[in-house]
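This report introduces one structure to a reader who has not met it before. Please view the sequence and the model alongside the text.

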Amino acid sequence: MQFTLKSAAAALAMTTALAVPASAELTGDLRIFFNDQNPAPRAAIEGMVERFQEMHPDLNIELTLIDREANKTQIRNYLTANAPDVNGWYAGNRMRPYVNAGLFEDVSDLWDGPMGEELASTRPALTLDGKQWGVPYTYYQWGIYYRSDIYEELGLTPATTWEEEIANCQAILDSGRKCYTIGTRFLWTAGGWFDYLNLRTHGYDFHMALTANEIPWTDDRVRETFDNWRTLIDMGAFIDNHTAYTWQEAQPYLVNGQAAAYLMGNFLVEPLRDAGLTDDQVGFYQFPEITPGIPMAEDAPTDTLHIPAQAQNKEAAREFLLYVASAENQTIANEVLGQLPINSNATVADDKFIQAGFEMLSNATGGIAQFFDRDADAEMASAGMEGFQEFMVMPDNLDAILNRLESVRQRILED
Amino acid sequence: MAAPIITEPAPPPARGYWRSNQMKLAPWLFLAPGIVFFAIYVIFPIFQSFHISLYRWDGLGEARYIGMQNYERLFDDPAFYTSLWNNVRWLVLYLLAIPGGLFIALFLNQQVRGIRLYKSLFFFPFVISQVVVGLVFAWFYNPSIGLLNPILGLFGAGPVNILGNPNTVTYGIIAAGLWPQVAYCMILYLTGLNAVDPEQVEAARLDGAKGWRMLWYVILPQLRPATFIAVVVTVIGALRSFDMVSVMTSGGPFGSSRVLAYYMFEVSLSEYGFRMGYGAAIAVILFLIMLVYIAFFLWRMWREERGV
């Protein structure tokens, strides 16, 4: 009896397999290392695994959640010894060391199928040396989150040009508040400011050439970017003592109304809501234009899943990535994450900030950058962001900072 | 009379190698596990570091031999000099733990009700992990929520941002590091004070010595073994200061609180660090600096043992 049932199920699976390749019979173990333990990402990956498990009941899926920061150093160990079948990482140049060392599986075959068209917008970010090395599952916009109630009180409207931004900032400073909160203790927040100032001053192509080490840091155009930054620093636009704070420790300034805005990624929204700010008090606007006529480019970091080259069950891993990339999964998972799906057929969640980000990124004619530390070489990223932090505290050191960054660039080119 | 009984000593049994050399071999057998692990985890990595420092290697792919280039670059690297200079600061200021520990030990070396409780309270910071000490001090210094600024405010001193200011950050971390280190030196001196000969103190007192002269000429010479150990652990502790820097500032702001141990970690193993060879070169330099102290201490110990 049992035997016949089993064979009937197998026959059924065979017939459906012809129609829907995603439900092909998968067996064995599928080990997934996911790089976030925070509540929303955790729920998102657990949901993905659960739905995939329902489609493949014979597959034994083992999900391991690793702390986001810890994963950044642990990845070297687990990719070289005892590799999982799927692991979480980031798009752009941050894949480079592992691609060069042959530790990531080439998944161009997945991108050659219909998935490639649905994910077309991020294909460049997943491409190194003409091949694709992973599959994106989410991305999020960066921009200026501001206290709309403070703007209302002061009679301001979000700026669209640099002059307006500076005028608004002056009005905010005159009211006894700071324009922007920021915590630079872990450096990357300053990278966000540099990205936007550089993208708006010189455009996407210049920014990408700079992060690809093709333009010297001592170039006058780089100085122009820093000059614009200096305008804000000299006004006293940023909160004091930002070197002592993490990005979370800088939030209370916005929540308590001591600062009016925060240049940040969309993951800021959740903590702001948790802190008691309503959607009527917080707004979002695109970083304003600086050099007129330059097409607007945005930072939108993409989080990705990859197959280690030493994975044991690559067949199941490929099926899982295909499912992760599907419109159905990206709709559900990003609803949970509070972020944007990449699949063009997926539905964007009905949320004020996600909708705003979706609209902004859909019209980002300039291009989509990943983020300074994902576009630049690892060593350049670290030296660069350290230089940005120093500049924010001691803008007079600019010459020394740029010379130092240039010598790092020279050394990377030599190597 | 009975014939004298001559007790012949039993003929020695055929002695195996083990039996005849038991006394010589036993210590080595007992030492063997220690020696093996020391060789694998301490001695071998020293040579491995020398070796890796001659290569360019990202820790993942192929290593390429580049001779002394890592060292040449190191001597051109401003961050290396910042770290070295900070190590010197650590070394000098960390030694304050010794007089600090001595002072507290002298203060606590009395018979009062509940003195054991006070002693253990003073020793407490050494028991908690360095990471926790670092976190506690980081919160204490925090300019927005920390206790330090309100306390300074009581005395009319302006708000300070100790860990965010490149000029004060290293001193702030050293102060945090001193807290447990003083407790450690205190314990060393408290045990040392137990061994002070009361007759000598008595004799000195009869000769009219008291206060500083008593301390300097009578007590301190008897505390020399404790002082020696205190100096050794403090110097080594200062040179390998890593956890405090990592927890409190991650070497920031803009690298101004780096020490060699942290810089080594940063370039080779941290989030953006893929320069194993360069990190190994820093490790070699740090090792050479430590070697100076280690050689000095070994020489002194050898001299003293010979003197006995």
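## Sheets, helices and the contact between chains

Strand 7 of chain A and strand 10 of chain A are joined by 4 bridges and pair in the antiparallel sense. Within this pairing, Y145(A) is placed opposite F284(A) of strand 10 of chain A. The model described here is a predicted one.

On its other pairing, strand 7 (residues 142-147) of chain A runs antiparallel to strand 9 (residues 259-265) of chain A, with 5 bridges between the two. Here G143(A) has M264(A), in strand 9 of chain A, as its bridge partner. Strand 7 of chain A is mostly covered, since 6 of its 6 residues are buried.

These strands belong to an open sheet of 4 strands in chain A, whose order is 8-9-7-10 and whose pairing is mixed. Its edges are formed by strand 8 (178-180) and strand 10 (282-285) of chain A, each of which pairs on one side only. On average, neighbouring strands of this sheet are turned by 25° against each other, direction ignored.

Chain A also holds an open sheet of 5 strands, in the order 2-1-3-12-6 and again with mixed pairing. Strand 2 (59-65) and strand 6 (135-139) of chain A stand at its edges with a single partner strand each, so one side of each has no neighbour in the sheet. The average turn between neighbouring strands in this sheet is 25°, direction ignored.

Within the sheet of 5 strands, strand 1 (residues 28-34) of chain A runs parallel to strand 2 of chain A, and 7 bridges join them. One of the facing pairs is D29(A) and N60(A), the latter in strand 2 of chain A. Helix 2 (residues 39-55) of chain A lies across both strand 1 and strand 2 of chain A, and runs at about 175° to strand 2 of chain A.

The strand pairs described above are set out below.

| Strand pair (chain A) | Sense | Bridges | Facing residues |
|---|---|---|---|
| Strand 1 and strand 2 | parallel | 7 bridges | D29(A) and N60(A) |
| Strand 7 and strand 9 | antiparallel | 5 bridges | G143(A) and M264(A) |
| Strand 7 and strand 10 | antiparallel | 4 bridges | Y145(A) and F284(A) |

Away from the strands, Q248(A) is found in the loop that connects helix 12 (220-235) with helix 13 (251-255) of chain A. Q248(A) is exposed, because 11 other C-beta atoms lie within 10 Å and a residue with 12 or fewer counts as exposed. From C-alpha to C-alpha, Q248(A) is 20 Å from I66(A), and the two are 182 residues apart in sequence.

In chain B, two helices invite a closer look. Helix 3 (residues 78-94) of chain B contains 17 residues and reaches 24 Å from its first C-alpha to its last, close to the 24 Å expected at 1.5 Å a residue. Its buried residues are A79(B), F80(B), T82(B), S83(B), N86(B), N87(B), W90(B) and Y94(B). Viewed down the axis of helix 3 of chain B, these buried residues fall within an arc of 160°, so they line one face of the helix. The face turned away from that buried side carries the exposed residues P78(B), Y81(B), V88(B) and V92(B). Among the elements that cover the buried residues of helix 3 of chain B are helix 2 (69-74), helix 4 (97-108), helix 8 (169-194), helix 11 (224-239) and helix 13 (260-268) of chain B.

Helix 1 (residues 17-52) of chain B spans only 43 Å between its end C-alpha atoms, whereas a straight helix of 36 residues would span 52 Å at 1.5 Å a residue. This helix has a kink of about 70° at M23(B), shortly before the proline P27(B). The number of buried residues in helix 1 of chain B is 1 of 36, so the helix lies largely in the open.

Another residue of chain B, F122(B), lies in helix 5 (residues 115-127) of chain B. F122(B) counts as partly exposed because it has 19 C-beta neighbours inside 10 Å, while a buried residue needs 20 or more. Apart from its neighbours within four places in sequence, F122(B) is in contact with I104(B), L108(B), A183(B) and M186(B). The C-alpha atoms of F122(B) and I104(B) are 8.4 Å apart, and the residues are separated by 18 residues along the chain.

Finally, the two chains meet in a contact that takes 24 residues from chain A and 21 residues from chain B. On the chain A side, helix 3 (68-80), helix 4 (96-100) and helix 19 (378-393) of chain A each supply at least two residues. Helix 19 of chain A gives the largest share of that side, 8 residues.

How values were computed: Residues are numbered from 1 along each chain as its sequence is written. Chains are lettered from A and ligands numbered from 1 in the order in which they are written. This is a predicted model: local features need pLDDT of at least 70, side-chain atom pairs count only at pLDDT 80 or more; totals for chains, interfaces and linings use all residues. Two strands pair if DSSP finds at least two bridges between them. Axes are lines fitted to C-alpha atoms, for helices over the stretch in contact, and angles run from 0 to 180 degrees between N-to-C directions. Two residues are in contact if their C-beta atoms, placed from the backbone, lie within 7 Å. The expected span of a helix is 1.5 Å times one less than its number of residues. The arc is that of the directions from the helix axis to the C-beta atoms. The bend at a residue is the angle between axes fitted to the seven residues ending there and the seven starting there.
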